[in-house]
Amino acid sequence: MNSNTKGWKIVHSTENGQEYIKSATLKDGPRSRTTAVFFRNKHKTSNDYIISLKISHNAKDSNGWISEKPDKTITLLGDQIDKLIDYIQENYIPLSLGEDSYISLSDDSLSKILKQVATLNMHPDKLVKKLYESGVLTDNLSVAITAAERRNTIDEFEQKISSNEPESFWQDWFDRNKWVLGSEYIKILTERNIDEHHIADYIMQSFDGFLDLVEIKVPSLRFWTGPDSHGNYTPSADLVSAISQCLNYLYRIEKQSDSLDFHQRVSGVEIVKPKCMLVYGRSNDWNNQQKEAFRILNSAYQQVNIITYDQLLARAKHLLGIDESSPQLDDTNDDLPF
């Protein structure tokens with residue numbers, strides 16, 4: 001394909017005043033010739049140019065003389081030409097070069113199609129999008145693949161919370177698997193700086209359009225101290241410190257509510273009574289007294305919601321239908337922002 005479009009184009013006129021550009025020969029065989037030519041006419045009322053593309057097929061006689069009158073013609077207008085150009089640009093070069101982003105659908109065997117898919121060196125999101133657009137991937141199959149991917153994510157999550165990964169690992173992991181944090185959040189904002197001295201783990205846009213925070217601590221941190229002589233459990237020093245950090249961040253965020261600079265940095269997301277979800281510690285071995293203490297602890301804070309890694313795991317499993325019981329998650333807790 002010739003991509004050279006530079007230089008002036010000479011516009012000719014027919015006897016009746018129709019303007020055109022010199023035709024191009026698309027095919028010149030022993031029995032026929034195919035040509036293409038651009039015409040333009042002015043609209044009768046608006047004087048805007050109307051561009052049309054005419055493709056003609058002229059037969060040849062036994063001596064190679066071209067018939068004066070074409071036996072076949074097709075004329076494309078405006079948006080039809082644009083669609084043809086888009087189609088050629090998107091498909092001609094990759095198909096002619098044999099790029100592996102093309103999947104042959106002539107074979108109706110799903111197993112063979114999937115073998116072809118496995119050879120493509122593409123990002124999973126881009127691959128799924130291409131398969132869906134091409135018609136290979138049906139709605140049901142797309143949902144099944146998403147569910148399978150999320151099941152693998154949950155398997156990894158369950159494995160990793162028992163290891164000793166640093167906080168930076170979990171910040172990156174949740175960045176890649178935001179859905180585990182809950183459907184209340186639409187997206188993670190790219191901005192993390194509250195001010196020059198305070199950096200949040202995540203500044204989020206909530207489902208209702210307002211700004212919230214998520215703070216991540218590691219699973220291995222101690223949650224409770226106690227029980228005391230009365231059987232009471234109290235938050236550990238590390239947990240108290242983490243809660244204080246969340247409250248401080250919320251205070252700093254609210255101070256920025258009138259800052260034009262901060263408003264621009266968070267893509268215009270509004271600040272109205274922000275909340276913070278604190279992901280902290282584990283709860284897989286809690287007794288009934290500890291579960292009650294957790295309920296009381298969370299009810300004491302209006303703007304901070306604490307959730308353990310095991311509760312996140314149970315909720316994600318429940319969402320995927322993996323574990324219907326979900327004993328670690330208290331679904332009656334109205335303070336959970338999900």
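This passage covers a charged surface patch and three backbone features in a predicted model.

Asp79, Asp82, Asp86 and Glu90 form a negative surface patch. One of these residues, Asp86, lies in helix α1, which spans residues 78-97. The relative accessible area of Asp86 is 47%. Asp86 is therefore partly exposed. That value also passes the cut-off for patch members, set at over 30% relative accessible area.

The backbone was examined next. Most peptide bonds are trans, and most residues other than glycine have a negative phi. Against this background, the bond from Gly226 to Pro227 is cis. Its omega is near 10°. Pro227 sits in a loop. Strand β12 (224-225) and strand β13 (234-235) flank that loop.

Positive phi values occur at two residues in the loop that links α7 (260-265) to β14 (276-279). Ser267 belongs to this loop. The phi of Ser267 is near 60°, a positive value in a residue other than glycine. With a relative accessible area of 56%, Ser267 is exposed. The cut-off for exposed residues is over 50%.

Lys273 is also placed between α7 and β14. Here phi is near 45°, again positive in a residue that is not glycine. Lys273 has a relative accessible area of 62%, so this residue counts as exposed. Ser267 and Lys273 thus share an exposed setting, whereas Asp86 in helix α1 is partly exposed.

Note on methods. Residues are numbered from 1 along each chain as its sequence is written. This is a predicted model: local features need pLDDT of at least 70, side-chain atom pairs count only at pLDDT 80 or more; totals for chains, interfaces and linings use all residues. Side-chain values use heavy atoms; hydrogens and water are left out. Patches are made of residues with over 30% relative accessible area and no salt bridge: like charges are joined within 9 Å, nonpolar side chains (Val, Leu, Ile, Met, Phe, Trp, Tyr) within 5 Å. Accessible areas come from the Shrake-Rupley method with a 1.4 Å probe; for residues, only the protein chains shown count as cover. A salt bridge is a side-chain nitrogen of Lys or Arg within 4 Å of a carboxyl oxygen of Asp or Glu. Lys and Arg count as positive and Asp and Glu as negative; His and the chain ends are not counted. The place of a charge is taken as NZ of Lys, CZ of Arg, CG of Asp or CD of Glu. Helices (H or I, at least four residues) and strands (E, at least two) are DSSP runs, numbered from the N terminus. Buried means under 20% relative accessible area, exposed over 50%, partly exposed in between (1.4 Å probe, protein chains only).
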